[in-house]
Structure formats: structure tokens, C-alpha cells
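Below is a colleague's note, set out as numbered points, for someone meeting this structure for the first time. Please read the points alongside the sequence and the model.

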Amino acid sequence: MTKPRLQNFINGAPLANDSGETIDVINPATGEVIYEIEVADDKVKTAAIESAKEGFKAWAGMTAMERSRILLKVVALLREKNDELAGYEVLDTGKPMQEANCVDVVTGADAIEFFANLAPTQVGQQQDLGGDFYYTRKEPLGICAGIGAWNYPIQIACWKSAPALAAGNVMIFKPSEETPRGAIELAKVYIEAGVPAGVFNVILGDGDVGQWLTNNPDIEKVSFTGEVGTGKKVMQASAATLKDVTMELGGKSPLIVFEDADVSQAVSAAMLGNFYTQGEVCTNCTRVFVHESQYKAFMKELVERTEQNIKAGDPMDLEVNFGAMISKKHQYLVMSYIEKGKAEGATLVTGGNTMTPAGAEGGYFVEPTIFTDCTDDMTIVKEEIFGPVMSVLTFKDEAEVVRRANDTSLGLAAGLMTKDITRAHRVIHQLEAGICWINTWGASPAEMPVGGYKLSGVGRENGIETLDHYTQTKSVYIGMVDLEAPF
Ligand code: NAD
């Protein structure tokens with residue numbers, strides 16, 4: 001049987017490559033190839049740049065109100081197609097439909113709505129200089145590149161393109177080669193809503209295609225989501241042509257459960273922050289610090305709920321709340337971390353195996369896994385695993401836990417559970433992380449800027465400030481009197 005094939009999406013339509021090179025895309029919940037993508041070759045890459053240049057002329061030439069109106073149509077279409085698009089995300093990522101149908105497209109559309117509404121509020125300044133005066137214009141940067149990870153494909157494509165397009169830029173987006181469909185579907189929606197051709201092009205391929213984007217002198221900015229190591233390469237390549245960069249990278253985030261916390265709420269936060277999207281979330285609280293007075297009660301409820309309430313299986317089944325790892329390779333990587341945890345002396349309390357749930361026997365599942373007796377120097381406590389592996393640690397006092405929570409080169413997220421309002425803010429202000437939660441975990445609305453401290457990132461996504469990162473200020477000085485020259 002011939003495989004369905006997805007082509008690069010350039011200038012408002014699919015564009016065939018000449019090289020014939022393809023990559024298979026696998027449904028992680030079945031292990032089956034579901035389609036193949038054509039890798040962008042020289043013809044496609046050249047067309048992507050040429051069409052982006054034309055798209056930029058049309059898009060940047062519109063008023064912000066005109067752009068906003070079109071983007072709001074994109075939002076309406078995304079919401080209309082929510083379940084269809086969520087279904088594609090499930091097939092590509094292996095995540096449960098019960099998440100995808102209320103988070104992935106929804107939060108993507110929210111970001112486009114937020115920036116569409118913000119676009120017309122962007123204004124320059126004017127200042128009188130005693131006769132002469134100057135004014136400033138907020139101008140778009142030009143062609144921006146977006147490079148996405150595989151865990152939230154359509155959401156990442158929306159979060160990157162929303163502020164870029166709202167500010168009048170165009171974007172060439174490269175999705176992860178493991179989950180490319182969402183970006184292609186988004187590109188079609190942009191066209192259907194009336195966004196001019198060339199404003200959002202999608203090029204397909206692996207890291208080599210990503211590298212071509214970061215090296216390309218016609219591209220002004222790169223917004224990247226992925227691993228720290230890849231982020232460093234992207235930033236280094238971008239430096240050659242002094243591109244602006246936004247980096248959304250990995251994390252090893254702490255959740256602190258104080259002695260006065262509500263145990264059930266703390267367990268909910270720990271489970272959401274380790275097992276949602278089967279643990280493949282960058283902000284996950286993979287280091288759970290529990291006050292020693294709460295430890296017994298916390299562990300009892302945590303293990304009970306993990307063993308009873310998590311249901312793996314065919315992710316399309318709305319009862320299933322736990323999906324498959326993105327690939328066989330990733331499943332192996334997660335399992336190798338679990339082996340390291342055991343070898344380094346952590347106690348495996350539950351999980352720790354691969355799974356073959358009924359209805360998804362060929363999938364790359366890993367059981368929700370909890371380790372206790374963890375120490376700060378263990379590999380599972382130090383390195384990002386990006387799977388359903390929770391390390392529980394205990395602590396005695398506030399100063400100690402703040403020091404230990406910050407003892408990492410990463411700084412994406414942090415959170416705490418307490419009823420003590422002053423302690424909540426005192427501790428949060430000391431935690432070295434860009435996204436913090438008090439008595440909750442994981443919410444990331446479009447209004448709130450998100451991004452990492454330390455090696456977890458550069459710049460922010462979402463929130464008002466992000467729009468500024470997609471504009472440059474032009475200052476215009478106006479002489480009102482005759483120019484005096486000493487020559
Ligand atoms: P990855 O770094 O392997 O790949 C990310 C993207 O970069 C892919 O599209 C890939 O093809 C491309 N790429 C690879 N090499 C490249 C190169 N040299 N130049 C340009 N592009 C290149 O990451 P992944 O495995 O897809 O995603 C998982 C990682 O993403 C985790 O570390 C996770 O924490 C992180 N992540 C971060 C956030 C955030 O917002 N901070 C969100 C989601 C995921």
C-alpha cells in the first residue's frame with residue numbers, strides 16, 4: 001500500500017521536492033508508519049524564501065487592524081476544526097485525545113487571539129525637541145523562522161507564529177520531523193482565513209533543514225523550542241548573521257510541598273506535573289521536594305492514585321488519560337534513566353516497566369514511575385528525562401529546600417504548595433525559574449509570558465512583552481530649521 005505523503009507547504013500550497021527524499025512518520029501508540037513527509041530540498045528552500053519575501057510585502061503593507069481581523073478568522077476556524085486537528089495531534093504524538101481536544105488547539109488559538117487583539121495597540125512615540133522632533137515606528141523584523149519540538153506540535157506552531165504575524169512579520173516554520181502534520185494543517189487554516197500566501201510557509205525535514213534556516217542570511221529571527229544542546233547550536237549558528245533568538249528549552253523543575261500543604265492538592269500537582277502528556281512536558285516538576293512531616297501521607301495517596309487512576313491505552317479512546325512515548329528510541333532513553341535510578345540506589349515505588357496496553361499493543365508506552373530515597377546527585381534527579389518518571393525527595397527546612405531547588409543549571413519552572421501566604425511569595429521570589437506556580441501546576445494562558453532562566457531559555461513566549469520581540473524600533477528625526485554645517 002502506498003503511504004500518504006505530505007509535501008512542504010509553500011506560498012499557499014503544497015510544493016513537491018525534486019530530490020524525492022522522504023521521512024516516515026510513525027504513530028507512537030501503534031508503532032505503524034502513518035504517512036511520509038517530503039524533505040525540503042534546494043528547490044523548496046529557495047521557494048520558501050522567495051515566497052516569504054513576497055508575503056512580507058503584502059502582510060507588512062496592511063494595517064494592524066486589517067491583520068488583526070484576518071487573524072481572528074484564523075482563531076474561529078481553528079476552534080471550528082478543533083476535534084479534527086486534535087485527532088491529527090493524537091496520531092502524531094501518541095498523547096490522549098482527552099487532552100488534545102481541550103488543550104492543544106485551544107491554547108494555540110488563544111495565543112493567536114491574544115496577539116491579534118494586541119496588534120493594533122502597538123504605537124510609536126513622539127517627542128518635541130524644541131522645534132525639531134522625533135518619532136518612532138514599531139516595524140516588523142521581516143522573515144522569522146520557527147523551529148518546533150514534538151510534544152505540542154500545533155500549539156508550538158501557533159505560539160511562535162501568533163506574535164510574529166501579529167507584528168507584521170512572516171514565518172517559515174519547521175516542525176519536528178516526528179510530528180509534522182499540525183504545522184501543515186495550521187498553514188492551510190491561515191490560507192483559508194485569508195492570510196496572504198507566503199506569510200506562513202512550512203518546510204519539512206530534520207535538523208539539517210533546521211540548520212539551513214539558522215544559517216540563512218535572509219532570516220532575521222529564530223524562535224526555537226527543543227533541547228538545550230540543540231538550542232546552543234541554533235544560537236551559535238544564528239550568531240553568524242546576528243539573528244535575534246528566542247529559546248524555549250528543557251527543564252528539571254522543582255515542586256516544593258510544605259508541611260502545611262493540602263496533601264491531595266499536592267498529589268494532584270505532582271501527578272499533573274509528571275504524568276500529563278505521559279511526562280513529555282518541558283515544565284514538568286520532576287523533582288518533588290516533600291517536607292518530611294508530610295512524606296508518609298503524601299506517598300500513600302500518590303502511589304494509590306497513580307496505580308488506580310492512570311489509564312493507558314488507545315489514545316483516541318476518551319477514557320484513556322496516559323499515552324505513548326514519542327518513539328521507540330525515546331522509550332529506550334526513558335527506560336535507561338529508570339535503570340540508572342535503580343542502579344544509583346533510588347527506591348522504585350511503582351512503575352518502571354514498558355507497557356503493552358490493550359488496544360495499543362504496538363505502542364511505545366512506559367509506566368508512570370515513582371522513585372523515592374532520591375538524592376540530589378543522582379542522574380534521575382539532575383537530568384531532564386522527558387518521560388513519566390518522578391523523583392521524590394524530602395527536606396527539613398525552607399532555606400535548605402530553596403538552596404536544593406536552585407541547585408541546577410536549568411530554570412524553566414518551579415512551584416510550591418502551602419497555605420502560608422507570606423512564605424509562598426518569599427520562597428517563589430527566591431526560586432531561579434521563569435514560570436512559577438503557587439498551589440497549582442501547569443496552567444499557561446496566552447496572557448502570561450513564559451520562558452526559562454539559566455540554560456532553560458532566552459526571551460519569552462506569550463504575554464504582552466513578546467510582541468516587542470517581533471518588532472524593531474525605527475527613530476525618525478525631523479529638522480524644522482535650516483541645517484547648520486561647519487563645512
Ligand atoms: P530537539 O532539540 O531534538 O529538536 C527540536 C527541533 O530542532 C526539531 O524540529 C529538530 O528537527 C530541530 N533541530 C535539530 N537539530 C537542529 C539544528 N542543529 N539546527 C536547527 N534545528 C535543529 O528537541 P525535541 O526532542 O524535539 O523536543 C524535546 C525537548 O524540547 C525537551 O528538551 C523539552 O524540554 C523541550 N521543550 C521545551 C519547551 C519550552 O517551552 N521550554 C516546550 C516543549 C519542549
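The points below go from the basis of the model to its overall form, its surface and its cysteines.

1. This is a predicted model, in which local features need pLDDT of at least 70 and side-chain atom pairs count only at pLDDT 80 or more, while totals for chains, interfaces and linings use all residues. Residues are numbered from 1 along each chain as its sequence is written, and side-chain values use heavy atoms, with hydrogens and water left out.

2. The protein chain has 16 helices and 25 strands, where helices (H or I, at least four residues) and strands (E, at least two) are DSSP runs numbered from the N terminus.

3. The radius of gyration of the protein chain is 24 Å, which agrees with the value near 23 Å for a compact globule of 487 residues; the radius is taken over C-alpha atoms, and the globule rule is 2.2 Å times the number of residues to the power 0.38. Along the principal axes, the C-alpha atoms fill a box of roughly 80 × 65 × 40 Å.

4. Of the 487 residues in the protein chain, 56% are buried, a term that means under 20% relative accessible area with a 1.4 Å probe, protein chains only.

5. The structure holds zero disulfides, a disulfide being a pair of cysteine sulfur atoms within 2.5 Å. Why does C144 form no such bond? The closest cysteine sulfur, in C158, is 16 Å from the sulfur of C144, too far for a bond, and C144 is buried at a relative accessible area of 0%. For C285, the closest cysteine sulfur is in C282, 12 Å away and likewise too far, and C285 also counts as buried, at 0% relative accessibility.

Key
Buried < 20%, exposed > 50% of the residue type's maximum accessible area, 1.4 Å probe, protein only.
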